[in-house]
Amino acid sequence: TLVRNPIEAWPAEVYEKELVRIATLGRERVFVLSPPLVQQVLLDEADAFVKSEAMLRALRPALGEALLTADGERWRWQRRAVAPVFRPDRLRGFVPAMLAAAGAAAARWRALPDGTEVELTEEMARLTFAIIVETMLSGEGLDGADRIDPARVAAGLKASLDPVGWVVALSLLGAPEWTPYPGRLRARRARRYLRGVLGRLVAARRARAEAGAGAGRDDLLGLLLRARDPETGRALADRDVVDNLVTFVTAGHETTALALCWTLFLLARHPGAEARVLAEIAAVTGGGALLPEHLDRLAYTRQVLQESMRLYPPAAVLTRTADRPVRIGGEAVAPGTPVFVPIYALHRHRALWDDPDRFDPDRFAAAAAAARHRFAYLPFGGGPRLCIGAGFAMLEAVAILATLLPAARLSPPPGFSPALRLRVTLRPAPGLPMRLSRREG
Ligand code: HEM
């Protein structure tokens with residue numbers, strides 16, 4: 001179970017206690033489960049922890065030392081430099097690309113014969129992938145001289161992330177880095193392809209900028225090339241830009257896709273909530289096209305996404321390593337100890353949530369949400385390492401949901417109940433088959 005599904009290997013206490021220590025083969029791990037203690041790890045004493053060694057060993061070959069995978073000063077200056085790229089005013093510029101891609105998917109769904117079955121995790125991953133590539137490169141990579149082949153990149157990303165479970169398990173077991181594991185060579189080839197294409201695109205754009213033409217584009221690539229750390233004036237080198245672009249593709253597209261999958265799955269099972277979402281969309285758009293300015297007004301739709309990410313947080317566990325001796329909840333934790341915030345368990349913890357397994361979007365109505373501890377609900381993490389793409393992801397998810405839901409009714413095959421598989425992200429296994437049919441009226 002360690003490799004296949006870590007959630008099943010978590011002891012039952014993680015849903016009841018504030019702190020759980022587990023020793024596997026003599027190696028201790030600490031799970032932190034009360035909001036104040038989570039706050040201590042992620043915020044108050046964040047500098048006593050680094051990203052987990054196991055996770056870095058799995059991700060650094062693909063992502064380098066960019067935002068997600070750097071620590072210390074190297075992380076700090078990059079975060080300061082890149083933060084403005086994800087400010088709300090910038091994000092608004094990406095909404096038309098989100099709506100266009102969602103609209104194209106809706107049109108495709110509408111054209112399918114009634115009863116067609118689609119595999120939702122693939123459908124959603126293709127859509128969010130198209131959006132992240134478009135917002136990164138504004139079309140350049142897709143039909144420019146150095147064409148990005150989306151299918152090849154998507155397959156490559158999958159190949160490069162598939163073995164992550166193995167790498168993490170081997171690392172937790174103390175195996176040396178050269179230990180072979182399944183998929184290792186394929187992962188390496190996939191990474192080379194992706195980094196190669198992006199590297200050439202970055203160099204080409206930089207060269208044009210220096211020749212005084214066209215760096216001004218406000219896509220993520222253009223913004224990263226112009227980003228500066230306000231404190232030191234430091235800019236990102238080409239390699240840092242590539243690492244961060246690969247990071248955005250990796251951290252940003254599958255997570256958002258899974259949030260949408262689980263949401264559509266939950267709505268298919270909860271017709272009352274689905275009817276409320278559809279009514280809200282109709283009221284806000286007046287039955288016409290969904291426009292960028294509508295997104296902020298879809299409050300209940302947003303609540304549904306939040307509740308779905310409570311039950312199925314796409315990033316289901318945060319992993320750290322204690323960097324110095326610390327005390328958590330009165331317990332001594334030695335340097336080098338893996339410290340986990342199992343978000344999935346926190347979000348279903350009996351001390352924090354009433355009837356935790358029940359789907360109820362009203363938990364995120366403004367008053368109820370305000371009464372809750374800030375570190376009880378963490379789909380995007382918390383503290384200084386909070387997801388930099390949280391605003392991007394929420395805009396994108398609302399835009400896609402509000403475009404696709406009115407386009408078709410989705411029904412899982414009768415009796416279908418997906419299993420959970422945690423591999424960096426929380427996926428339905430064996431995927432999420434859905435039958436599409438027209439909505440009447
Ligand atoms: C970090 C979740 C979408 C880029 C994180 C973290 C979480 C998370 C939990 C914190 C990891 C930790 O503390 O160890 C999610 C979820 C998403 C999503 C659930 C979608 C529903 C995105 C998008 C982007 C993105 C769209 C970029 C376009 C990043 C980056 C970091 C990060 C760069 C590292 C930030 C840092 O350490 O400074 N994400 N994310 N994410 N996310 Fe996201």
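In what order do the five strands of the open sheet run? Keep that question in mind while loading the model, which is a predicted one.

**The five-strand sheet**

Select β1, β2, β8, β5 and β3. Read across the open sheet, the order is β1-β2-β8-β5-β3, and the pairing is mixed. The edges are formed by β1, residues 19-24, and β3, residues 49-51, each of which pairs on one side only. Look along the sheet to see the twist: on average, neighbouring strands are turned by 30° against each other, direction ignored.

Now keep β3 and its partner β5, residues 318-322, in view. These two strands pair in the antiparallel sense over three bridges. To find one bridge, select Phe-49 and then Ala-322 in β5, which is the bridge partner of Phe-49.

**Thr-337, beside the sheet**

Next select Thr-337, in the loop between β7 (331-333) and β8 (338-341). Is Thr-337 buried or exposed? Thr-337 counts as buried because its relative accessibility is 6%, and the cut-off for buried is under 20%. Show the side chain of Thr-337 and draw a distance to the backbone oxygen of Ala-334: the value is 2.6 Å. Then display what Thr-337 touches beyond four places in sequence: Glu-28, Val-30, Arg-320, Thr-321 and Ala-322. Ala-322 was met above as the bridge partner of Phe-49.

**The ligand and its iron**

Move to the ligand and pick its iron atom. Which protein residue is the donor to the iron? The only protein donor is Cys-387, through SG at 2.3 Å. Trace the backbone around Cys-387 and you are in the loop between α17 (366-370) and α18 (390-404).

Expand the selection to the residues around the ligand. There are 26 of them, and those that come nearest are Trp-75, Arg-79, Arg-320, Arg-385 and Cys-387. Arg-320 is also one of the residues touched by Thr-337. Colour the shell by element: α4 (72-82), α13 (238-269), β5 and α18 each supply at least two residues. The largest share, five residues, comes from α13.

Three polar approaches to oxygen atoms of the ligand can be drawn as distances:

- Trp-75: an N or O atom of its side chain is 2.7 Å from a ligand oxygen.
- Arg-385: an N or O atom of its side chain is 2.7 Å from a ligand oxygen.
- Leu-67: a polar backbone atom is 3.3 Å from a ligand oxygen.

**Thr-301, inside a helix**

Select helix α15, residues 299-311, and within it Thr-301. With a relative accessible area of 0%, Thr-301 is buried. Show its surroundings: leaving out residues up to four places away in sequence, Thr-301 touches Val-277, Glu-280, Ile-281 and Leu-401.

**The three-strand sheet**

Now select β4, β12 and β9. How are the strands of this open sheet ordered? The order is β4-β12-β9, with antiparallel pairing. The edge strands, β4 (117-119) and β9 (409-411), each pair on one side only. Neighbouring strands here are turned by 40° against each other on average, direction ignored.

Zoom in on β9 and β12, residues 433-437, which pair in the antiparallel sense over three bridges. Across this pair, Arg-409 stands opposite Ser-437 in β12.

**Two backbone points to check**

Most residues other than glycine have a negative phi, and most peptide bonds are trans. Two places in this chain depart from that pattern.

Follow the chain back from β12 to Pro-430, in the loop between β11 (425-429) and β12. The bond joining Ala-429 and Pro-430 is a cis peptide bond, with omega at about 5°.

Then select Asp-355, in the loop between α16 (343-346) and α17. Asp-355 has a positive phi of about 50° although it is not a glycine. Its relative accessible area of 40% makes Asp-355 partly exposed.

**Zoom out**

Finish with the protein chain as a cartoon. The chain holds 18 helices and twelve strands. Of its 441 residues, 54% are buried. Among contacts with a separation of 6 or more, 73% join residues 24 or more positions apart.

Definitions and conventions
Residues are numbered from 1 along each chain as its sequence is written. This is a predicted model: local features need pLDDT of at least 70, side-chain atom pairs count only at pLDDT 80 or more; totals for chains, interfaces and linings use all residues. Side-chain values use heavy atoms; hydrogens and water are left out. Two strands pair if DSSP finds at least two bridges between them. Helices (H or I, at least four residues) and strands (E, at least two) are DSSP runs, numbered from the N terminus. Axes are lines fitted to C-alpha atoms, for helices over the stretch in contact, and angles run from 0 to 180 degrees between N-to-C directions. Donors are N, O and S atoms within 2.8 Å of the metal (3.2 Å for Na, K and Ca); water is not among the atoms, so sites may look incomplete. Buried means under 20% relative accessible area, exposed over 50%, partly exposed in between (1.4 Å probe, protein chains only). A polar contact is a pair of N or O atoms within 3.5 Å; within protein, one must be able to donate a hydrogen and the other to accept it, and residues adjacent in sequence count only if both atoms are side-chain atoms. Contact means heavy atoms within 4.5 Å. A residue is near a molecule or strand if one of its heavy atoms lies within 4 Å of it.
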